[in-house]
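Student: I'd like a close look at one part of this model, please. Could you take me through the charged pairs and then show me what surrounds them?

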Amino acid sequence: MAEKYIIDLSEFNQVTDFAQVAKNVSLIIFRVGYRYSVDASIKYDAKYHEYLNAVKQYKIPFSFYFVSQATTDLE
């Protein structure tokens, strides 16, 4: 059996061929979003919706994460 991998995706590391990815990975984790430190707003990762559609289309198991950041000493 061929070895498969778990990969982490965000707007900073992009995929162009999910059919090929589906053959070589057992799980994709991707960033849903993050908290922007300048104004404490919540932002979606620029590739979130594209990646979500692709993993569903190619039936690739997936999980996701959100990058949080404190903006005050109390947080």
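**Salt bridges and their surroundings**

Tutor: Happy to! A search of the whole structure, which is a predicted model, turns up 3 salt bridges. Let's take them one by one and then move on to the helix and the core.

Start with Arg31 and Glu11, whose side chains meet in a salt bridge with an N to O distance of 3.2 Å. This pair ties together distant parts of the chain, 20 residues apart: Arg31 belongs to strand E2, while Glu11 sits in the loop between strand E1 (5-9) and H1. How exposed or buried are the two partners? Arg31 has a relative accessible area of 10%, so it counts as buried. Glu11, at 23%, is partly exposed.

Arg31 has another partner. Asp45 forms a salt bridge with Arg31, and here the closest N and O atoms are 2.7 Å apart. Again the pair links distant parts of the chain, with Asp45 in the loop between E3 and H2 and Arg31 in strand E2, 14 residues apart. Asp45 has a relative accessibility of 3%, so it is buried.

The remaining pair is Glu50 with Lys47, where the side chains meet at 3.1 Å, N to O. Glu50 is partly exposed, with a relative accessible area of 38%. Lys47 comes out at 18%; buried means under 20%, so Lys47 falls in that class. Which residues do shared partners join into one network? The members are Glu11, Arg31 and Asp45.

Strand E2 also holds Arg35, and this residue is worth a stop. Its relative accessible area is 19%, so Arg35 is buried by the under 20% cut-off. The side chain of Arg35 reaches the backbone oxygen of Ala40 at 3.4 Å. Setting aside neighbours within four places in sequence, Arg35 is in contact with Ala40, Ser41, Ile42, Phe66, Val67, Gln69, Thr71 and Glu75.

Ala40 deserves a word on its backbone. It lies in the loop between E2 and strand E3 (42-44), and its phi is near 65°, a positive value in a residue other than glycine. With a relative accessible area of 27%, Ala40 is partly exposed.

Now to helix H2 (48-57). Which of its residues are buried? They are Tyr48, Tyr51, Leu52, Ala54 and Val55. These residues span an arc of only 165° around the axis, and therefore lie on the same side of H2. The face turned away from that buried side carries the exposed residues Asn53, Lys56 and Gln57. As for what covers the buried residues of H2, the list includes E1, H1, E2, E3 and E4.

Just after H2 comes Lys59, with a positive phi of about 55°, although Lys59 is not a glycine. This residue is in the loop between H2 and strand E4 (62-67). Its relative accessibility is 74%, so Lys59 counts as exposed.

That leads us to the nonpolar interior. The largest nonpolar core has 14 residues, and those touching the most other members are Leu9, Phe18, Val21, Ile28, Phe30, Val55 and Ile60. Helix H1 (18-24), strand E2 (25-35) and helix H2 each supply at least two residues of this core. Which element gives the most? That is H2, with 5 residues. Nonpolar side chains tend to be buried together in soluble globular proteins.

Val55 brings the helix and the core together. It is one of the buried residues of H2 and is listed among the core members that touch the most others. Not counting residues up to four places away in sequence, Val55 touches Phe18, Ile28, Phe30, Ile60 and Phe62.

To put the pieces side by side: strand E2 carries Arg31, with its salt bridge to Asp45, and also Arg35. The same strand is one of the elements that supply at least two residues of the largest nonpolar core. If you have the model open, Arg31 is a good place to begin, with Glu11 and Asp45 as its salt-bridge partners. From there you can move to H2 and its buried residues, among them Tyr48 and Val55.

Technical notes:
Residues are numbered from 1 along each chain as its sequence is written. This is a predicted model: local features need pLDDT of at least 70, side-chain atom pairs count only at pLDDT 80 or more; totals for chains, interfaces and linings use all residues. Side-chain values use heavy atoms; hydrogens and water are left out. A nonpolar core is a set of buried Ala, Val, Leu, Ile, Met, Phe, Trp, Tyr and Cys residues joined through side-chain atoms within 4.5 Å. Buried means under 20% relative accessible area, exposed over 50%, partly exposed in between (1.4 Å probe, protein chains only). Helices (H or I, at least four residues) and strands (E, at least two) are DSSP runs, numbered from the N terminus. Contact means heavy atoms within 4.5 Å. A salt bridge is a side-chain nitrogen of Lys or Arg within 4 Å of a carboxyl oxygen of Asp or Glu. A polar contact is a pair of N or O atoms within 3.5 Å; within protein, one must be able to donate a hydrogen and the other to accept it, and residues adjacent in sequence count only if both atoms are side-chain atoms. The arc is that of the directions from the helix axis to the C-beta atoms.
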